[in-house]
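Thanks, everyone; I would like to use these few minutes to go through one structure with you. I will begin with a local detail and then turn to the contact between chains.

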Amino acid sequence: MDIERAGGRGANQLRPIDCFRDVLSRAHGSASCSQGETRVLAAVFGPKAGTKKNENPEKACIEVIWKPKTGQIGKTEKELEMILKRTLQNICLLSVHPNTTTSIIVQVVHDDGSLLPCAIHATCAALVDAGIPLKSLAVSLCCCLTESGQILLDPSKLEEQKMKAFVCLVFPSSVNSVLPEESTPATTKSTEQEIITSLTHGVMTVDDYFHCVEQGRAAVAPLSNILKKKMRSQSAGKSSKAA
Amino acid sequence: MEQRLANSWRMTVNEKNFIQTALLSDLRTDGRGPFDYRNLTIQFGSEDGSSEVQLGQTRIMGFVTSQLVQPYRDRPNEGTLAIFTEFSPMADPSFEVGRPGESAVELGRIVDRGLRESRAIDTESLCVVAGKWVWSIRIDLHILDNGGNLVDAANIAALAALLTFRRPECTLGGEDGQEVIIHPPEVREPLALIVHHLPIAVTFAFIGNESRVIIDPSHFEEAVMGGKLTATLNTNGDICAIQKAGGEGVMQSVVMQCLRIASVKAADVTGKIKKAVESYKTIRDLKNIKRHPDSVDINNISKDMEKSKLELEKTIDSQTNDMEIESHSSKKDESSWRHSKHKAVIGRPSSWDPYTKVADADELKATLASRAVATPDLKTDVMSHEKQELNVLVDTLRDADPSPLLLVAAEAREEKNKAKTLLDAVKPKHKRKKKNLSNSNGS
């Protein structure tokens, strides 16, 4: 009944996550995130003066550029850019720097499944590195559904291609989720019930979808703890990158 | 218009004067001498043909991919080579997405000329069916961080990626013998490209009124320089390309001096590239064996030895004498390891090792933190440790399963102990070819 995964991973087991901040010298903020073999590099420039056309000048504008490993930029890249942009618009405090543009450039180094979650973690770390004001961090997870209805977390590329369906979910991860048990359960529940982004591929039943969401939500707290620890563990002192 | 000006970075007059005055006393702002290169590190990704080069603050990634295409009409039996440079906006706020600017085009042309016109890559070996199918090699260079001197770093990234790239093996088959069958890497070991020599680009900048020459300019120095000269040469003493597109005029004697310095630096850089590629190859050979996670029992050992022998043959075809011997021992180590169920910590930090128990997340995190900056030196230490165990374990293997393949491998090991001559290299190759034929006929 249980599907065997490569490397003996359990159904609920994630690949090792690693996150490095401040990897580039010219960018205002940069981060590199790896989940298993998937590696993504993100850089942030901003806030820069002016917004694009047709954007609201009373808020900050977020611009995402997605760079694939090889090949021309096509529709998939444009779609991912749009998804990332809307996700980040939810996380960032847009009213702090009105009439500015923050550019985020995502470079895929290697894609071995769970590409969008890895990109979101890298982008969040890069935004933290650049000092862009954020409402909360985002934590993201990919779940795939096997033929037998079993849910596997964090699929690799081969698994994604073989499975019936997979869904990518993004949840907010606020301060409350990091504090230990002193925080009231009521506040943690209210923030964790939000789903910022949900992207599905393939066909799944409604019940299966909600099971995936439950699994994802259960993983938010430990995942966000890991990411915050990684981000905090880097050196605190950093010279200004304005030049 | 004002927005673009507001967002661009410009050098102040103070900084410019400082750099020029310091150069009069042969001092550079980062403490280097005028003819010193910055620190060069070459790393490789998890796939074949992906490299990441760091030259000081400059970071460039190179990816090589291949595809079967129709050849050009006027060259029906040669493969094609194409270089795509991406000046990513992540490298420099002035780089814009979309059409490449003139410096991007120039960089692409310099790297292209160094590789194509000097015939560094053998394109005739890329032909599969003359006039119909050839391999097209595509090199993507992504500029991640512009710390100055992008040309040199991009060249090194392209060379490193090409040296570690493996294209799938393909044979002619089908009903009429004209169909090309591409074998996936699990079935047949992919082949390396034939690289005749390594053209290394060395960039000189001319700064100030007296045209002081410096090598490997940082991006501050590039903003101040009056002219630039890039010389691409190889260790055989050939000049593959010289690019001096305008800028300040320099005396002939200065150009000759630059070329002399460039040949010294090219030898240096070639040595570094070769060393990085060799250490990557040993790590990769070890990882290749781990790709077949069959159960460890006696019946399978002969199968694994067959597979490793096929891999050995391919590596011998593409490598030099010394590397041959190293890969022998590394492969035998790995298979003998599995026989004795050693748990080893090899492979890159984020790769899953199917032979260790499933570790819980905390343990993995701890090991990740300690291995976060894994250097090739660590890997070579592990390798030498394995070699010590080799002698003991090969004997046990020989007793367990005296297949002819094992004996061939053992013979090769004994030959290693004698003085190495060309004959030694040639003999095992022929033996192995005969055995391979007999095996393929049998299978």
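In the hairpin formed by E1(B) and E2(B), where 5 residues lie between the strands, Gly49(B) takes a positive phi near 85°, and I should say at once that this is a predicted model. The two strands, E1(B) with residues 40–44 and E2(B) with residues 50–55, pair in the antiparallel sense over 5 bridges, and in that pairing Phe44(B) has Ser51(B) of E2(B) as its bridge partner.

Staying with E1(B), how do its residues divide between a covered face and an uncovered one? Leu40(B), Ile42(B) and Phe44(B) make up the covered face, whereas Thr41(B) and Gln43(B) make up the uncovered one. In a regular strand the side chains alternate between the two faces of the sheet.

Now to the interface, where 36 residues of chain B meet 37 residues of chain A, and where the two chains bury about 3,400 Å² between them, with 59% of that area on carbon and sulfur atoms. There are 4 salt bridges between chain B and chain A, one of them joining the side chains of Glu86(B) and Lys67(A) at 2.7 Å, N to O. Across this interface, 10 residue pairs are in polar contact, counting pairs with both residues at pLDDT 80 or more.

On the side of chain B that touches chain A, the elements giving two or more residues are helix H1 (2–7), strand E3 (58–69), strand E6 (133–145) and helix H9 (361–371), and E6(B) gives the most, with 5 residues. The residues on that side of chain B divide into 15 nonpolar, 11 polar and 10 charged.

How values were computed
Residues numbered from 1 in each chain as written. Chains lettered and ligands numbered in written order. Predicted model: local features only at pLDDT ≥ 70, side-chain atom pairs only at ≥ 80, totals over all residues. Heavy atoms only, no water. Contact = heavy atoms within 4.5 Å. Buried area = accessible area lost by both parts, 1.4 Å probe. Polar contact = N/O pair within 3.5 Å; in protein donor to acceptor, adjacent residues only side chain to side chain. Helix = DSSP H or I, 4+ residues; strand = E, 2+ residues; numbered from the N terminus. Nonpolar A, V, L, I, M, F, W, Y, C, P; charged D, E, K, R; others polar. Buried < 20%, exposed > 50% of the residue type's maximum accessible area, 1.4 Å probe, protein only. Pairing = 2+ DSSP bridges.
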